[in-house]
Structures are given as C-alpha cells and as structure tokens.
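Open the model in a viewer and keep the selection tool at hand. The stops below go from pockets to cores to single residues.

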Amino acid sequence: MRILKLALYILAILLLQTVVFARLNLFGVCPDLVFVSVIVFAVLNKGRRVVLFALPASLLQDVLSLGIYLHTIFNLFVCVILSVVGDGFEGNEFLFAAGFVALFTPVIFLLQYGVLAFVFGRQFSLLQLLVGFFLLEFYNLLVFPLVFMVLRKLSYE
C-alpha cells in the first residue's frame, strides 16, 4: 500500500510540475518538486528505498521535460551525498533537509543553465541567470514545508 501511495505521489508532483507550474512560471522558472521531494525522502529514509524513489521520479521528470537525464544524474548524486552525510544524523530533520534544498538548488540551476546555454546554444544573460537563481531558490524553499509534511506522513505510515 505504501508503494502505491508513493507512486501516486510521484505522479501528482510530476503532473503539477510539468503541467501546472510550467504554465504558471515567472521568468521561465518554476519550483522543482521532484528535486525537493528526493532530498526530503533521502533525509527521512535510508538505504535502497531512497534510490528506488529517486530513480523513477527523476527518470520520468527527464522524459517529460529536458530529456537529457540531467535530473536523474544529479538527483542520484544528491542521494549519495545525503546518505554519506546524513548517516548517523540525529538532529532536526526539517532543518537538515531545508539546508540541503537551499544548498543544492543553486547547483542544479547553474548546471541546467550551463547546459542550455553552452550545449544547446541558448542566449546567455547575466540578469536572467541572477533572477532565475533567486526565484528558483525562493520557489523551492516555498514548497519545501508542504513536500516535507506530505512525505513525512507517507514515510512513517
């Protein structure tokens, strides 16, 4: 039953991100619900379950969006870092996960922007880079409490 709930959760966040938030973006930036969910799930859970959550969610996100598997590689990389750093952590999980969202959001944004600018020839704009950088950080931290609350409930059922 838990697997079915997590699958429905992944489907819901993918629909929100690719259909709703893609249309309601500001300056081409929308929150990355899969990325935030992977970090929260990695903080709340340990071991193989984290990869079994992150891999399908990230693969589906890549198939539905950019399509070059950048999200999959980065989200799995973050899972590995969280499993190493978070091993034995006994503090406030909410603040720990929020810190990792705040820390890795700029990295994924710069990576995506760099790939779009240098590989696909997108026009580079410093103003667009800075505005997008701060908006994505704001959006991800804005949706973080809701994602944390939902995944905490799903993780401990």
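Begin with the largest pocket of this predicted model, which has a volume of about 560 Å³. To find its centre, select G28, V29, C30, H71 and Q112, the closest to that point among the 24 lining residues. Next, colour the helices α1 (2-23), α3 (48-64), α5 (93-119) and α6 (126-155), the elements that each give two or more residues to this lining. Which of them gives the most? That is α5, with five residues. Colouring the lining of the largest pocket by residue class will show 12 nonpolar, 10 polar and two charged residues.

Move on to the second largest pocket, with a volume of about 250 Å³. Select R2, I3, L6, A7, I10, L11, F41, R49, L52, F53, P56 and L60, which line the second largest pocket. The elements that give two or more residues to this lining are α1 and α3. The largest share comes from α1, with six residues. What kinds of residue make up the lining of the second largest pocket? It has 10 nonpolar residues, two charged ones and no polar ones.

Now leave the pockets for the nonpolar cores. The largest core has 37 residues, and a good selection to start with is F35, V36, V40, F53, L82, F144 and L151, those with the most contacts inside it. Helices α1, α2 (33-44), α3, α4 (70-85), α5 and α6 each supply at least two residues of this core. Helix α2 gives the most, with 11 residues.

Stay in the core and select L82. Leaving aside neighbours within four places in sequence, L82 is in contact with I39, A42, V43, D87, F96 and F100. A second core, separate from the one just visited, has eight residues; select F109, A117, L135 and Y139, which are among them.

Return to the largest core and pick V36, one of the residues with the most contacts inside it. V36 is found in helix α2. Why does V36 count as buried? Its relative accessibility is 0%, and buried means under 20%, so V36 falls in that class. Show the partners of V36 beyond four places in sequence: V101, N140, V143, F144 and V147. Then draw a line between the C-alpha atoms of V36 and L141, which are 8.6 Å apart in space and 105 residues apart in sequence.

For a second single residue, select S58 in helix α3. Is S58 buried or exposed? S58 is buried, because its relative accessible area is 0% and the cut-off for buried is under 20%. Beyond four places in sequence, S58 is in contact with V34, V38, H71, T72 and N75. H71 has come up before, among the residues closest to the centre of the largest pocket.

Finish with the database record. An unreviewed UniProt entry places the feature "transmembrane region" at residues 66-85, 94-120 and 126-151. Select residues 94-120: this stretch is 96% helix and 0% strand, with its end C-alpha atoms 37 Å apart. Then select residues 126-151, where the chain is 100% helix and 0% strand and the end C-alpha atoms are 36 Å apart.

Methods:
Residues numbered from 1 in each chain as written. Predicted model: local features only at pLDDT ≥ 70, side-chain atom pairs only at ≥ 80, totals over all residues. Heavy atoms only, no water. UniProt positions renumbered as here; feature names shortened; annotations may be inferred. Helix = DSSP H or I, 4+ residues; strand = E, 2+ residues; numbered from the N terminus. 1 Å grid on protein atoms, 1.4 Å probe; cavity = no way out; pocket = protein on both sides within 12 Å on 5 of 7 lines; lining within 4 Å. Points joined across faces, edges and corners; volume = space filled by probe spheres on them. Nonpolar A, V, L, I, M, F, W, Y, C, P; charged D, E, K, R; others polar. Core = buried A, V, L, I, M, F, W, Y, C linked by side-chain atoms within 4.5 Å. Buried < 20%, exposed > 50% of the residue type's maximum accessible area, 1.4 Å probe, protein only. Contact = heavy atoms within 4.5 Å.
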